[in-house]
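Me: Please take a close look at one part of this protein, its main nonpolar core and the strand that runs into it. I would like a connected account of how that part is built and how it sits within the whole.

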Amino acid sequence: MSIVLLSGGGGGARFARGLQDALEPGELTVVGNVGDDVEVLGMNVSPDLDSLLYALAGLLDDERGWGRSGETWNALAAAGAWGGEDWFRLGDLDLGLHLVRTRGLREGHALSEITAELVERAGLDTRILPATDDRLRTHVVTPSGTFAFQEWFVARAHRDEIDDVVYEGAQEANAAPGVVEALRDTTAILLAPSNPYLSLGPIFAVSAIREAVASRRVRSVAVSPLVGGKAVTGPLDRMLLRMSGGTSPAHVTSCHEGLIDALVIDEADAPAEAPVELVVTSTLMRDRDAARRLAERALETACG
């Protein structure tokens with residue numbers, strides 16, 4: 001079996017860990033969002049790729065849902081005291097990874113090459129592939145102006161309502177090596193319970209990836225990121241209401257038109273109707289066992 005998961009961080013990373021627990025070693029490939037990537041204090045940070053790496057390697061801080069467990073913040077506090085930017089939370093343990101990535105990029109290595117080396121050093125059999133090695137950045141259009149994703153999400157605490165999302169660089173972006181091949185050779189395609197606009201949208205903004213999924217010959221199954229019409233974390237329910245007119249499974253499905261055959265929804269969102277098959281289960285990943293059960297239900301839906 002070969003499974004390809006398209007994912008952001010956060011809930012997507014937890015779901016990826018559930019899949020890894022449910023599958024045999026080497027059966028999972030995760031294509032991660034890079035639209036959130038940002039440069040902070042001269043370092044290249046890939047938040048969603050890092051969340052995936054930490055979750056799959058058992059290093060994720062499950063209480064916060066991001067960053068390393070056992071983290072401290074001394075370097076960031078010192079940088080702030082010296083007048084450096086400290087709005088983006090970079091932990092002491094986290095810095096090591098960012099320094100290695102930044103050095104690799106400055107030496108001319110591709111993001112996919114650096115990510116593969118990090119995955120190997122973490123001792124993982126699961127592959128993590130960035131959607132693209134090219135520069136692709138998510139910007140949100142709000143009544144207060146257009147902001148880079150991290151500026152809006154972190155610095156402005158995502159308080160501004162969103163009217164549109166722009167994926168800067170998407171038209172020129174090529175899929176990273178191995179991504180299209182993985183999608184063409186896979187047993188099934190899964191979409192993590194990630195924000196369709198902010199986490200999965202940048203992945204599908206890469207035309208080669210969208211075309212590979214749209215022309216699939218296998219089942220493609222998404223897991224809804226909503227429970228009872230509400231986002232577990234983040235602003236997705238607000239976004240769906242403003243941009244799609246509601247938070248039902250049908251509204252979630254509309255974000256993936258032509259790209260999925262089924263949507264796994266939470267019991268709190270049933271009964272419901274949508275233009276694709278709906279599969280009802282408990283989707284709230286309270287712990288690692290719950291994430292594995294959800295992954296197994298998604299795999300059953302995708303593979304039979």
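Reply: In this predicted model, the largest nonpolar core comprises 43 residues. Leu6, Val179, Leu183, Leu191, Leu198 and Ile209 have the most contacts inside it. Two or more residues each are supplied by strands E1, E9 (188–191) and E13 (262–266) and by helices H6 (149–155), H7 (179–185), H8 (196–204), H9 (207–214) and H10 (236–243). H8 provides the largest share, five residues. Nonpolar side chains tend to be buried together in soluble globular proteins.

Leu6 belongs to E1, which spans residues 3–7. Beyond its neighbours within four places in sequence, Leu6 is in contact with Val31, Leu183, Leu190, Leu191, Ala192, Leu200, Ile203, Phe204 and Val213. Two of these, Leu183 and Leu191, are themselves among the residues with the most contacts inside the core.

Apart from this core there is another, of 39 residues, which includes Leu28, Val34, Leu56 and Val264.

E1 itself is mostly covered, with five of its five residues buried. Its side chains are divided between two directions: Val4 and Leu6 point one way, whereas Ile3, Leu5 and Ser7 point the other, and all of them are buried.

E1 pairs with two strands. With E2 (residues 28–32) the pairing is parallel and involves five bridges; within E2, Val31 is the bridge partner of Leu6. Val31 also appears in the list of contacts of Leu6. The connection from E1 to E2 passes through helix H1 (residues 11–22), forming a β-α-β crossover that is right-handed. With E9, E1 is again parallel, here joined by four bridges, and Ile189 of E9 is the bridge partner of Val4.

The setting of this part is a protein with twelve helices and 14 strands. Its radius of gyration is 18 Å, close to the 19 Å that the globule rule gives for 304 residues, so the protein is as compact as a globular protein of that length. The C-alpha trace spans about 55 × 45 × 40 Å along the principal axes. Of the 304 residues, 53% count as buried. Among contacts with a separation of 6 or more, 67% are between residues 24 or more positions apart. The protein exposes about 13,300 Å², of which carbon and sulfur atoms supply 47%.

Terms used. Residues numbered from 1 in each chain as written. Predicted model: local features only at pLDDT ≥ 70, side-chain atom pairs only at ≥ 80, totals over all residues. Heavy atoms only, no water. Buried < 20%, exposed > 50% of the residue type's maximum accessible area, 1.4 Å probe, protein only. Pairing = 2+ DSSP bridges. Right-handed = clockwise from strand over helix to strand, strands pointing away. Core = buried A, V, L, I, M, F, W, Y, C linked by side-chain atoms within 4.5 Å. Contact = heavy atoms within 4.5 Å. Rg over C-alpha atoms; globule rule 2.2 N^0.38 Å. Areas by Shrake-Rupley, 256 points an atom, 1.4 Å probe, with all protein chains shown as cover.
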